[in-house]
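Here's a quick tour of one protein model, meant to be read with the structure open beside you. Let's start on the inside and work our way out to the charged pairs.

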Amino acid sequence: MKKMKLLYISISGNTRAFVNRLLAYADQQDTPSTWEAKEIHDNSVFEQEDEPYVVFVPTYLEGGNGVDNGDQEILTETMREYIDYENNAALCLGVIGSGNKNFNYQYCLTAKQYAEQFSIPFLADFELRGTTQDIERIYACLKEIDPAHSNT
């Protein structure tokens, strides 16, 4: 049975908390869940992924407004490099972004940039640590693309 990994990077702990809550919710819905999480960080050893995965990435940008300046990713570049490593991008089913809606255009800009660079779908977004409704919505989104539940 194929399983799906949820790869994430978490600087402030918000994305980690969200992914952990999502996994707990998935375990309640599907016993046992076929999802597993893997945190990518600056000291991660890069490896070729062998199962489909979804990326969760927060947005940290270098100042500005994200439109004509300040759209340079900071702190999360390791995830971009990990996806770009060997053939990892080919197994990426999409990206889910998080951020702070107070930053307007910059909200989830990193995830949108990943979607464009790697030609993968921008699947969903959530603010900061997300809400219970975000967990339910993103769970439903991921179930639709989960290879363990496909007929192939």
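In this predicted model, the largest nonpolar core has 19 residues, and those touching the most other members are Leu6, Leu22, Trp35, Phe56, Ile96, Ile138 and Leu142. Strands E1 (4–8), E3 and E5, along with helices H1 (14–29) and H5 (132–145), each give two or more residues to this core. H1 chips in the most, with six.

**The cores**
- Try clicking on Leu22: setting aside neighbours within four places in sequence, Leu22 is in contact with Leu6, Trp35, Phe56, Ile135, Ile138, Tyr139 and Leu142.
- Apart from this core lies another one, made of 16 residues, including Ile40, Cys92, Phe118 and Ile120.
- As a rule of thumb, nonpolar side chains in soluble globular proteins tend to be buried together.

**Helix H4**
- H4 runs over residues 109–118, and its buried residues are Leu109, Thr110, Ala111, Tyr114, Ala115 and Phe118.
- What covers those buried residues? Part of the answer is strands E3 (53–58), E4 (92–99) and E5 (122–127), plus helices H2 (77–84) and H3 (88–91).
- Right after H4 comes Ser119, with a positive phi of about 55 degrees.

**The largest pocket**
- The largest pocket holds about 280 Å³ of space.
- Its lining has 17 residues, and Thr59, Tyr60, Gly99, Asn100 and Phe103 lie nearest the centre.
- H1 and E4 each supply at least two of the lining residues.
- How many of the lining residues are nonpolar, polar or charged? Seven are nonpolar, ten are polar and none is charged.

**Salt bridges**
- Searching the whole structure turns up six salt bridges.
- One of them joins the side chains of Lys143 and Asp30, at 3.0 Å from N to O. This pair links distant parts of the chain, 113 residues apart: Lys143 is in helix H5, while Asp30 is in the loop between H1 and strand E2 (35–39).
- Asp30 has a relative accessible area of 17%, so it counts as buried.
- Lys38 pairs up with Glu47 in a salt bridge at 2.5 Å, N to O. Lys38 is buried at 18% relative accessibility, whereas Glu47 is partly exposed at 36%.
- Lys38 also meets Glu49, at 2.8 Å from N to O. Because Glu49 sits in the loop between E2 and E3 and Lys38 in strand E2, this pair ties together parts that are eleven residues apart in sequence. Both Glu49 and Lys38 are buried.
- Put together, Lys5, Lys38, Glu47 and Glu49 form a linked network of salt bridges.

Key
Residues are numbered from 1 along each chain as its sequence is written. This is a predicted model: local features need pLDDT of at least 70, side-chain atom pairs count only at pLDDT 80 or more; totals for chains, interfaces and linings use all residues. Side-chain values use heavy atoms; hydrogens and water are left out. Buried means under 20% relative accessible area, exposed over 50%, partly exposed in between (1.4 Å probe, protein chains only). Helices (H or I, at least four residues) and strands (E, at least two) are DSSP runs, numbered from the N terminus. Contact means heavy atoms within 4.5 Å. A nonpolar core is a set of buried Ala, Val, Leu, Ile, Met, Phe, Trp, Tyr and Cys residues joined through side-chain atoms within 4.5 Å. On a 1 Å grid over the protein atoms alone, a cavity is a set of points where a 1.4 Å probe fits but cannot get out, and a pocket is an open set with protein on both sides within 12 Å along at least five of seven lines; lining residues have an atom within 4 Å of a point. Grid points are joined across faces, edges and corners, and a volume is the space filled by probe spheres set on the points. Ala, Val, Leu, Ile, Met, Phe, Trp, Tyr, Cys and Pro count as nonpolar, Asp, Glu, Lys and Arg as charged, and the others, Gly among them, as polar. A salt bridge is a side-chain nitrogen of Lys or Arg within 4 Å of a carboxyl oxygen of Asp or Glu.
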